[in-house]
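Colleague: I'm new to this one and keep tripping over the labels. Could you show me the model and take me through the reasoning behind a few of them?

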Amino acid sequence: MIIKVGERITELRNKYNLTQHALAKELGVSRSSVNAWEMGISTPSVERIVDIAQYFHVSVDYILGKLKEKHVI
């Protein structure tokens, strides 16, 4: 099963009970950017993927769907 970046972001955001607005504020982006990532309309930049991984304490590989387990960083 292929996991898309947007699916991982949605999964993690929901796990931590964050709204798209709250996550956007933490990452310094717009809510519409988070929504576009989650909907698969766009993909976050490499820098943003690193920021997301650091925020949720997971590996970049987890965000990218390369690992099934979070592997805390």
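Modeller: Sure, here are some labels and the values behind them, bearing in mind that this is a predicted model.

Colleague: Let's start with Gln-20. Why is Gln-20 called buried?

Modeller: Gln-20 has a relative accessible area of 14%. Buried means under 20%, so Gln-20 counts as buried. You'll find Gln-20 in helix α2, which covers residues 20–27.

Colleague: And what makes the link between the side chains of Gln-20 and Arg-31 a polar contact?

Modeller: Distance is one part of it: the two side chains are joined at 3.0 Å, and the cut-off is within 3.5 Å for a pair of N or O atoms. Gln-20 also makes a side-chain polar contact with Asn-35, at 3.3 Å. Beyond four places in sequence, the residues touched by Gln-20 are Arg-13, Arg-31, Val-34, Asn-35 and Glu-38.

Colleague: Now Asn-17. How do you know whether Asn-17 is buried or exposed?

Modeller: Look at the relative accessible area, which is 70% for Asn-17. Exposed means over 50%, so Asn-17 is exposed. Asn-17 sits in the loop between α1 (5–15) and α2, and has a positive phi of about 55 degrees despite not being a glycine.

Colleague: Then why is His-57 called partly exposed?

Modeller: His-57 comes out at 49%. The buried label needs under 20% and the exposed label over 50%, so His-57 falls in between and is partly exposed. His-57 belongs to the loop between α4 (46–56) and α5 (60–63). Here, too, a residue other than glycine has a positive phi, near 60 degrees.

Colleague: What makes a set of residues a nonpolar core, and which residues have the most contacts inside the largest one?

Modeller: The members must be buried residues of certain kinds, such as Leu, Ile or Phe, joined through side-chain atoms within 4.5 Å. The largest such core has 17 residues, and Leu-23, Trp-37, Ile-52, Phe-56, Val-58 and Ile-63 have the most contacts inside it. At least two core residues come from each of α1, α2, α3 (31–39), α4 and α5, with α4 giving the most, four. As for Leu-23, its contacts beyond four places in sequence are Ile-9, Arg-13, Leu-18, Val-34, Tyr-55 and Phe-56.

Colleague: Last one: which residues of α3 are buried, and what covers them?

Modeller: Val-34, Ala-36, Trp-37 and Glu-38 are buried in α3. Their cover includes α1, α2 and α4. Just after α3 comes Gly-40, with a positive phi of about 80 degrees.

Technical notes:
Residues numbered from 1 in each chain as written. Heavy atoms only, no water. Buried < 20%, exposed > 50% of the residue type's maximum accessible area, 1.4 Å probe, protein only. Polar contact = N/O pair within 3.5 Å; in protein donor to acceptor, adjacent residues only side chain to side chain. Contact = heavy atoms within 4.5 Å.
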